[in-house]
Amino acid sequence: MVEALRDAERSAGSLPARGDFVIRGAHVVTMDPALGDIPGADVLVRDGVIAVIGKDVPAANVQAISGSGMILLPGFVDTHWHLWNSFMRGLIGDGPGRDYFSVKRGLAPYYRPVDFYRAARLALAEALDCGITTVHNWDHNLRTPEDADANILAQLDMGVRARFSYGCPDNFARDRVMDLDDLERFRGQWTPQATDDRVTLGVALRGPFRTEPDIYRREWDAARKAGLPITMHCDRCMREAGCHRCDIASMREKGLLGPDVQIVHAVHAGPADIEAMAETRTHLSLSPQTELRTMGFPKVAEMLGAGVLVSLSIDTTATPCNADMFSQMRVTLSTEMARVEKAGLTPRRMLQMATIDGARDLGLAEKTGSITPGKRADLILLRMNDLNMVPCSDPVDVLVLSGLPQNVDTVIADGRILKRGGKLVAVDVEQIAAETRNSVTRMLQVAGWQVPPALQVS
Ligand SMILES: [Zn+2]
């Protein structure tokens with residue numbers, strides 16, 4: 001199945017080679033505490049690696065990219081995103097039967113491997129367009145081994161850096177264990193050598209709130225034995241009216257927390273839960289836009305105050321959301337200022353969550369998250385002279401408080417230039433859109449759902 005997918009369906013573009021190039025005269029916001037911000041600096045990239053940062057860097061015979069009038073940033077890092085449900089954009093809403101769970105449960109069984117590939121490809125193209133160069137593909141509808149492989153192929157084809165977290169089918173029975181045999185097969189197949197050293201693996205587990213004790217024990221033990229990082233939703237509030245308790249503290253007693261564990265959401269975490277996370281160095285991924293819509297207020301100030309590593313995530317583009325990390329930063333900052341009297345958050349702190357702290361969360365801080373010599377070249381250039389950025393007196397404040405994805409001029413992922421002059425250059429966007437519509441239309445028909453008139457365009 002995967003071979004057929006490779007031959008017939010991976011045709012929306014091809015990745016350019018990594019070249020040597022120098023970005024000249026940019027306002028460089030390194031997000032590296034030792035380097036800080038460097039106005040009017042050059043960054044030399046050689047074979048995918050950030051080689052030199054400085055003024056007037058000698059670089060004969062390499063391509064020069066003007067950074068004049070631009071902010072150079074590390075690419076944004078997303079730390080939790082269900083790429084597979086990008087097909088459901090526009091199907092989920094506030095009308096009867098259109099809530100997130102009804103639509104997700106209704107369509108989840110009808111995905112073929114090619115649909116998983118196309119859904120991931122769509123989301124990743126949008127990610128790159130918005131300046132996100134690292135994504136955590138959180139797969140909680142993994143139905144067959146081929147589905148997992150199709151996701152990896154999409155990640156490879158789109159050029160991003162990614163963690164793939166292997167899960168189980170949507171709505172899987174709480175007394176059934178995930179496919180641990182295929183997880184072994186999967187680990188053996190998708191090695192760093194097989195994935196251009198751009199993909200790392202983890203597991204998306206349901207944990208003690210959604211599975212029986214012997215199930216979560218087996219899954220947790222298998223992950224830890226294999227050395228795979230674990231991620232788990234704490235979002236009972238989405239399903240249980242009146243849920244105001246996360247009970248993460250009980251996970252510490254069960255030995256389920258630790259620096260290898262990422263908890264997602266936890267908007268109702270109490271002091272004991274936050275203390276348990278901080279003490280065990282458990283990470284937190286927040287998706288403020290979906291949390292505000294469906295769960296409650298993210299506890300940013302309390303988590304940061306306790307010393308928990310907090311990063312930002314898109315979660316899903318199915319509910320009203322998109323890959324706009326600028327909005328995530330801005331909404332989080334504004335909400336915290338309204339919710340907490342002295343939140344202590346700044347635009348720069350938000351940018352830290354969206355870059356280097358995301359890389360730390362995913363165990364990728366040696367490779368990405370800051371502009372540091374020796375790291376891989378995951379870089380974005382933002383236009384300071386677009387109307388919504390002028391006058392750019394304080395570049396970090398302005399990009400967080402006023403920035404938009406349309407300001408992203410250039411995106412470089414792992415040393416490859418994938419967006420230039422505001423346009424994706426390595427993929428056929430129209431083909432991605434058309435094949436997405438075809439897949440969604442087929443899926444709705446097979447599921448016996450009405451195909452919306454707007455989808456019936458060629
Ligand atoms: Zn999620």
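Visitor: Why is Cys-321 called buried?
Guide: Its relative accessible area is 12%, and the label applies under 20%, so Cys-321 counts as buried. Keep in mind that this is a predicted model.

Visitor: How do you know how many disulfides the structure holds?
Guide: A search of the whole structure turns up zero. Take Cys-321: the closest cysteine sulfur belongs to Cys-130 and sits 10 Å away, which is too far for a bond. The cut-off for a sulfur pair is 2.5 Å.

Visitor: What about Cys-392, and is it buried or exposed?
Guide: Cys-392 is buried, because its relative accessibility is 16% and the limit is 20%. For its sulfur, the closest cysteine sulfur is again in Cys-130, at 19 Å, so a bond is ruled out by distance.

Visitor: On to the metal. Which residues are the protein donors of the zinc ion?
Guide: The zinc ion has His-80, His-82 and His-233, each through NE2, plus Asp-315 through OD. They lie 2.1 to 2.7 Å from the ion, and the cut-off for a donor here is 2.8 Å, so these atoms qualify.

Visitor: Why is the arrangement of the four donor atoms called irregular?
Guide: The angles they subtend run from 83 to 172 degrees. A tetrahedral site needs all angles between 85 and 135 degrees, so that label is out, and the arrangement comes out as irregular.

Visitor: How are the donor residues spaced in sequence?
Guide: The pattern is H-x1-H-x150-H-x81-D. His-82 sits in the loop between strand 6 (76-77) and helix 2 (100-107), while His-233 is in strand 10 (residues 230-234), so this pair ties together parts 151 residues apart in sequence. Both His-82 and His-233 are buried.

Visitor: What makes helix 2 largely enclosed by the rest of the structure?
Guide: Six of its eight residues are buried, hence the description. Those are Tyr-100, Phe-101, Val-103, Lys-104, Gly-106 and Leu-107.

Visitor: Which residue caps the N-terminal end of helix 2?
Guide: Asp-99 does the capping. One of its side-chain oxygens is 3.2 Å from the backbone nitrogen of Phe-101, and a polar contact needs the two atoms within 3.5 Å.

Visitor: How many aromatic pairs does the structure hold?
Guide: There are seven. In one of them, Tyr-100 and Phe-101 meet with ring centres 5.3 Å apart and planes at 70 degrees. The centres fall within 6.5 Å and the angle is over 60 degrees, so the pair is edge-to-face. Tyr-100 is buried at 11% relative accessible area, and Phe-101 is buried at 17%.

Visitor: Then why is the pair of Phe-164 and Phe-186 called tilted?
Guide: Their centres are 5.4 Å apart with planes at 50 degrees. That angle is neither under 30 nor over 60 degrees, so the pair is tilted. Phe-164 lies in strand 8 (residues 161-166) and Phe-186 in helix 5 (residues 180-189), so the contact links parts 22 residues apart in sequence. Phe-164 is buried at 0% relative accessible area, and Phe-186 is buried at 1%.

Visitor: Which residues form one aromatic cluster?
Guide: Trp-84, Phe-87, Tyr-111 and Phe-116 do.

Visitor: How many salt bridges does a search of the whole structure find?
Guide: It finds 35. In one of them, Glu-302 and Arg-339 come together at 2.6 Å, N to O. The cut-off is 4 Å, so the pair qualifies. Glu-302 is in helix 11 (residues 300-306) and Arg-339 in helix 12 (residues 325-339), so parts 37 residues apart in sequence are tied together.

Visitor: Why is Glu-302 called partly exposed?
Guide: Its relative accessible area is 30%, which falls between the 20% and 50% limits, so partly exposed is the right label. Arg-339, at 26%, also counts as partly exposed.

Visitor: What separates Arg-360 and Asp-357 in helix 14?
Guide: They are three residues apart, about one helical turn. Their side chains form a salt bridge at 2.5 Å, N to O. Arg-360 is partly exposed at 38%, whereas Asp-357 is buried at 3%.

Definitions and conventions
Residues are numbered from 1 along each chain as its sequence is written. This is a predicted model: local features need pLDDT of at least 70, side-chain atom pairs count only at pLDDT 80 or more; totals for chains, interfaces and linings use all residues. Side-chain values use heavy atoms; hydrogens and water are left out. Donors are N, O and S atoms within 2.8 Å of the metal (3.2 Å for Na, K and Ca); water is not among the atoms, so sites may look incomplete. Four donors count as tetrahedral if all angles lie between 85 and 135 degrees; four count as square planar and six as octahedral if opposite donors are over 155 degrees apart and all others between 65 and 115; anything else is irregular. Helices (H or I, at least four residues) and strands (E, at least two) are DSSP runs, numbered from the N terminus. Buried means under 20% relative accessible area, exposed over 50%, partly exposed in between (1.4 Å probe, protein chains only). A polar contact is a pair of N or O atoms within 3.5 Å; within protein, one must be able to donate a hydrogen and the other to accept it, and residues adjacent in sequence count only if both atoms are side-chain atoms. Rings of Phe, Tyr and Trp (its six-membered ring) pair if their centres lie within 6.5 Å; planes under 30 degrees apart count as stacked, over 60 as edge-to-face and the rest as tilted.
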